[in-house]
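Please have a look at the model below and keep it open while you read. We will start at one residue and work outwards from there.

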Amino acid sequence: MKKPVLLKLNVIPCTFIERLNRFVALVEVDGELKKALVTNTGRLEEFMVPGKRAFCLPKSGGKTDFVLLAFEDLDGKGAIIDTRMQAKAFERAVELGLIPWLKDCSIKRKEVRVGNSRLDYLFDCPGGELYGEMKSAVLRGGERGEYAMYPDCPSLRGQRHIRELIGLARSGKKAIIFFVGAMPGVEKFKPYEKGDPVIAKLLRVAVREGVRIEGLSISLSPSGEVILERPSLKVEL
C-alpha cells in the first residue's frame, strides 16, 4: 500500500563534513564547502559522521546557505533531523486527518504559554481542548532497529515540558506528548534511558497521571517527498 506523501521539497544532495557548533554544520554541495543550519539540538552522533551523505534545503538570509534537512538512512530514504520540517509534516498529517490518535481534532493554537514553558500545540477536539508537545525521536534502537528513541542527551527543557503536561493533567486538563520517529523502518517508540534517565521516569509518571503518550513516523524519499511511514507507533515505557 502506497504511503501518504505529506510534503514535496526541493532537496539538494550534500555531504556532511563536521558540526561547527550547536546550530551550524559544514557541508559540501557540488564540490563547495557551505554552512548549513542545524535546527535539532540533539547530539545526533549516529548521523553526524564526516563524509555521510545527506540532504539539504536552500535558504536565503542569515549566516547559513542551507538547512541540514536529513541524512541518508535505510534503502536510500532520509532520516529527517530538521525539527521544523518534522513539525510541518505532522501538521499536514493532522490537516489531512491521517493521525488516528487525533481523530477529528484540529490545531487551535501553537506556542501555547503554560507555566514557565511554551508548549507546541493546543488542539480542539470533540472531547474538549488538548494540550500537546512534540518531541523529535531520531535515535534508532532495538535488535532490528525498530525503535525510535528520545532523547540522545540530557534535556532540561524536555523535563520541564513533561512536568508542565503532568501539572495540566493533575488539574483536570487533557494533555498529550507525542514523538516523531523521523526515520524509515521504525515501528515503536521508547525513551532512551542512557540519554536522560529523568525523562524516562517522568514519562512513566505522566502516563500514571493521565497524560497520553503517542508517536508517528515519517521519512524522506530520495526525490524529496516527506512520507508518513506509520501514523501510530507502539509506545513502550
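In which helix is I162 found? I162 sits in helix α2, where helices (H or I, at least four residues) and strands (E, at least two) are DSSP runs, numbered from the N terminus. Before going further, please note that this is a predicted model, in which local features need pLDDT of at least 70, side-chain atom pairs count only at pLDDT 80 or more, and totals for chains, interfaces and linings use all residues. Residues are numbered from 1 along each chain as its sequence is written, and side-chain values use heavy atoms, with hydrogens and water left out.

**I162 and the helix pair**

Is I162 buried or exposed? With a relative accessible area of 2%, I162 is buried; the scale used here calls a residue buried under 20% relative accessible area, exposed over 50%, and partly exposed in between (1.4 Å probe, protein chains only). Leaving aside neighbours within four places in sequence, I162 is in contact with I177, I199, L202, L203 and A206, contact meaning heavy atoms within 4.5 Å. The C-alpha atom of I162 is separated by 21 Å from that of T39, 123 residues apart along the chain.

The axes of α2 and helix α3 (residues 197-208) come within 10 Å and cross at roughly 15°. That makes α2 roughly parallel to α3. For these values, axes are lines fitted to C-alpha atoms, for helices over the stretch in contact, and angles run from 0 to 180 degrees between N-to-C directions. Angles under 35 degrees count as roughly parallel, over 145 as roughly antiparallel, 65 to 115 as roughly perpendicular and the rest as oblique.

Which residues make the contact? On the α2 side they are G158, Q159, I162, R163, I166 and R170, and on the α3 side V198, I199, L202, L203, V205 and A206. By class, the residues of this contact divide into eight nonpolar, two polar and two charged (Ala, Val, Leu, Ile, Met, Phe, Trp, Tyr, Cys and Pro count as nonpolar, Asp, Glu, Lys and Arg as charged, and the others, Gly among them, as polar).

**Strands and their partners**

Now to the strands. Strands of a sheet pair through backbone hydrogen bonds, either parallel or antiparallel; here, two strands pair if DSSP finds at least two bridges between them. The table gathers five pairings.

| Strands | Sense | Bridges | A pair of opposite residues |
|---|---|---|---|
| β3 and β4 | antiparallel | six | V27 and K34 |
| β4 and β6 | parallel | two | L37 and V67 |
| β11 and β12 | antiparallel | three | G141 and Y147 |
| β13 and β15 | parallel | six | F178 and E214 |
| β15 and β16 | antiparallel | four | I218 and L228 |

Strand β15 (residues 212-220) is largely enclosed by the rest of the structure, because eight of its nine residues are buried. The hairpin of β15 and β16 has four residues between the strands, and G224 there takes a positive phi near 100°. β3 and β4 form a hairpin too, with two residues between them, and D30 in the turn has a positive phi of about 50°.

An open sheet is formed by four strands in the order β11-β12-β14-β17, with mixed pairing. Its edge strands are β11 (139-141) and β17 (234-235), each pairing on one side only.

**Loops and backbone details**

Most residues other than glycine have a negative phi, and most peptide bonds are trans. With that in mind, a few places merit a look. D75 is not a glycine, yet has a positive phi of about 55°. D75 lies in the loop between β6 (66-72) and β7 (78-80) and, at 78% relative accessibility, counts as exposed. D104 likewise has a positive phi, of about 65°, although it is not a glycine. The loop that holds D104 runs between α1 (83-95) and β8 (106-114), and D104 is exposed, with a relative accessible area of 59%.

Where is P151 found? P151 is in the loop between β12 (147-150) and α2 (156-170), and a cis peptide bond joins Y150 and P151, with omega about -10°.

Finally, G62 lies in the loop between β5 (53-58) and β6 and is exposed, with a relative accessible area of 73%. The C-alpha atoms of G62 and L37, 25 residues apart along the chain, are separated by 9.5 Å.
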